[in-house]
Amino acid sequence: MPHRQTARGARPIAWAFALLCGLIAILPLAGCSTQTPAGAAQAESTPTATETALPAVTAGPATEATIQATSEATATAAAEGTVVPVPPITSTATITATATPAGTPTPRPTPSGPPPENPLQLLAPFQFIIPGNMLVRSDILQLDGEGTEEALLTITESRLGLTKAITEEVGSAIGVASYDPVYREWVMSWESTQLPGVARPLPDITLYGGYNGGDLLRDGSAVLALRTTTLDGVAHLYIYRYDRQARTASPLKMVPSEGSAEEDAHFGGDLDVSMADLDDDGVYEVVVDNVAGVLTWRWDGTRFVPREAR
């Protein structure tokens, strides 16, 4: 019968429709049960207020075991949702400090323009005198045998300005000022030790110096002399030889009396002591004036030796 056939044909369609609806309902559940939205994952990775972020590592290189242990601890902490502090990383490497070499001093600027025609016009002896001292004499001498002459300065301490008490012995010294043609200035190239007594320069004999210095032994060397008087009234004479190459001076030698040992040239007289060319041969002798008589010393080529008394 036609009606019954129609009813049997509609039943399979109804079953198919119901099966399709069931599949549609199951699919969303299967797709979302094992995945987490990207926004949720990002929210979980951000530390909360009660968590502490790992400190940045700024130390030197770590050992392989330290790195492995740190990586495992960090991975476990991430899986359990906790934070494990990273142990300090130490290094056994030796650090060698390298000293910074000292810088090269900046050279002084040299004057420009033509040099002075007469460097002696630039000489100001008082620039070498410290407070409390006095410049007793300045002799212009050719000591090194070339170029500009040198200045032999005789200096003594002053009692003025309460520098020295009237009963206290003062000291004196001589010094050589030389001209530096590079920097065009005068410098003190040598100075003797301080010796007792007030400086009393020897008399002048020429325009460019006198008994205080010069070629007094006629051997081509430069001789420098310092005469002082101490509080006891005794006169003293000290004699030096100037080294032209080293620009220094050292005491000459003398024999105080016949048969005595040699010592630095230092003469003392009750009344006075000076130098004079007694033989008119250009070689100066030392003359000591004592109360008991006059003593003289002559130069024998290496030292001063005593002559007969008169």
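**Group meeting: five residues in a predicted model**

Let's start with Thr 229, which sits in strand 10, the run covering residues 222-229. Before I go on, remember that this is a predicted model. So what does the side chain of Thr 229 pair up with? It's Arg 200: the two side chains are joined by a polar contact of 3.1 Å. Arg 200 also turns up when you list what Thr 229 touches beyond four places away in sequence. The rest of that list is Glu 169, Gly 197, Val 198, Val 234 and Ala 235.

OK, on to another strand residue, Leu 195. You'll find Leu 195 in strand 5, and that strand is just residues 195-196. Is Leu 195 buried or exposed? Its relative accessibility is 11%, and buried means under 20%, so Leu 195 counts as buried. And who's around it? Leaving out residues up to four places away in sequence, Leu 195 touches Val 170, Gly 171 and Ser 172, plus Leu 226, Tyr 238 and Tyr 240. Take Gly 171 from that group: along the chain, Gly 171 and Leu 195 are 24 residues apart, yet their C-alpha atoms are 5.2 Å apart in space.

Third one, Asp 139. This residue belongs to strand 1, residues 133-141. With a relative accessibility of 2%, Asp 139 counts as buried, the cut-off again being under 20%. What does this buried aspartate do with its side chain? It makes a polar contact, 2.8 Å, with the side chain of Arg 137.

Now the loops, and a bit of backbone. Most residues other than glycine have a negative phi. Here are two with a positive value. Arg 184 has a phi near 55°, and it lies in the loop that runs between strand 3 (171-180) and strand 4 (185-191). Asp 280 also has a phi near 55°; its loop is the one between strand 16 (272-276) and strand 17 (285-290).

How do they do on accessibility? For Arg 184 the relative value is 21%, so it counts as partly exposed, given that buried means under 20%. Asp 280 comes out at 68% and is exposed, since exposed means over 50%.

If you want to pull these up on screen, I'd go through the strand residues, then the loops. For Thr 229, bring up Arg 200 with it and look at that 3.1 Å contact. For Asp 139, bring up Arg 137 and the 2.8 Å contact. Then go to Arg 184 and look at the positive phi, and do likewise for Asp 280. That's it from me.

Terms used
Residues are numbered from 1 along each chain as its sequence is written. This is a predicted model: local features need pLDDT of at least 70, side-chain atom pairs count only at pLDDT 80 or more; totals for chains, interfaces and linings use all residues. Side-chain values use heavy atoms; hydrogens and water are left out. Helices (H or I, at least four residues) and strands (E, at least two) are DSSP runs, numbered from the N terminus. Buried means under 20% relative accessible area, exposed over 50%, partly exposed in between (1.4 Å probe, protein chains only). Contact means heavy atoms within 4.5 Å. A polar contact is a pair of N or O atoms within 3.5 Å; within protein, one must be able to donate a hydrogen and the other to accept it, and residues adjacent in sequence count only if both atoms are side-chain atoms.
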